[in-house]
Amino acid sequence: MAVLAIDTSAAVAVSLCDDEGSPLAARSVDSGRQHAELLAPMIREVLVEAGLEPADLSAVVVGTGPAPFTGLRAGLVTARVFARAREIPVYGVSSLDALAAASGVEGEVLAVADARRKEVYAARYRVEGGAVELLTGPLVDRPAELARLAEGAVVVGRGASLYAETFGEVGGPELPDPAVLARLAVERARRGVAQPSEPLYLRRPDAVPAAGRKRASG
């Protein structure tokens, strides 16, 4: 059996992994647009490359952000629909968890993602043996307001790279890897940890319904 992992918190990225979370095939497009249009072809491509069918999947894993509304929603909806159609579980994992887990260090890590509007998302973790423990966050704010979280930690993520003058030296990775999401989800599922696929928006979307028109008084 295999696990399909999707992340649209930054790039549009898809990985097909075995049931241990090791990657079999992957696709990634570093684009902030056309998430929904890109995902379906990418999913087909990784299945073909691995010689598998949708029926061979045992679970779907999706990055829950934090991220802007539109891109994140595309990944979540795709993951949920795909899993429901095949009656398999869908597991949600924070995209910042994946950044921290892929840092390659043992100790405290600050994962920082671009939130646009001159803001970043950030969360601080303790990483031990590939497992991540959330210590602070996730938060969204201007870089200067969150720079204090970097003290004594290895800093990773594109959000930190964009504001290197604030966060200091930045290590890798820059973007979440869906294969790391899959590995974390598989390990947590074995321990019986709940993994809801609710999105981490942290702020209201840019587009909101217009307020109802006021009736004229008379």
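In what order do the strands of the open four-stranded sheet lie, and is their pairing mixed or not? The order is β8-β7-β6-β9, and the pairing is mixed. Before I go through it, I should say that this is a predicted model, in which local features need pLDDT of at least 70, side-chain atom pairs count only at pLDDT 80 or more, and totals for chains, interfaces and linings use all residues. Residues are numbered from 1 along each chain as its sequence is written, and side-chain values use heavy atoms, with hydrogens and water left out.

A word on terms: helices (H or I, at least four residues) and strands (E, at least two) are DSSP runs numbered from the N terminus, and two strands pair if DSSP finds at least two bridges between them.

In this four-stranded sheet, β8 and β9 (154–156) are at the edges with a single partner strand each, so one side of each has no neighbour in the sheet. Ignoring direction, neighbouring strands here are turned by 20° against each other on average; axes are lines fitted to C-alpha atoms, for helices over the stretch in contact, and angles run from 0 to 180 degrees between N-to-C directions.

Let me take the pairs in turn. Strand β6 (residues 107–116) pairs with β7 in the antiparallel sense over nine bridges, and there A111 stands opposite A123 in β7. The hairpin of β6 and β7 has two residues between the strands, and R117 takes a positive phi near 55°. Strands β7 (residues 119–128) and β8 (residues 131–141) also run antiparallel, joined by eight bridges, with V127 partnered by V132 and Y125 by L134. Two residues lie between β7 and β8 in their hairpin, where G129 in the turn has a positive phi of about 60°. By contrast, β6 and β9 pair in the parallel sense over three bridges, and the bridge partner of V109 in β9 is V154.

Turning to the other sheet, it is open, with five strands in the order β3-β2-β1-β4-β5 and mixed pairing. Its edge strands, β3 (23–29) and β5 (90–93), each pair on one side only, and the twist averages 15° from one strand to the next. Strand β4 (residues 57–63) pairs with β5 in the parallel sense over four bridges, and G63 stands opposite V93 in β5. Helix α2 (residues 69–86) lies across β1 (2–7), β4 and β5, running at about 165° to β4. Helix α7 (residues 178–190) packs on the sheet as well, touching β1, β2 (12–18), β3, β4 and β5, in a direction that makes about 125° with that of β1.

V93 also appears in the lining of the second largest pocket, together with residues including G92, D97, R188 and E198. A pocket, on a 1 Å grid over the protein atoms alone, is an open set of points where a 1.4 Å probe fits, with protein on both sides within 12 Å along at least five of seven lines, and lining residues have an atom within 4 Å of a point. Its volume is about 200 Å³, a volume being the space filled by probe spheres set on the points, which are joined across faces, edges and corners.

Finally, T166 is in helix α6 (residues 164–167). Leaving aside neighbours within four places in sequence, T166 is in contact (heavy atoms within 4.5 Å) with P143, A144 and A147.
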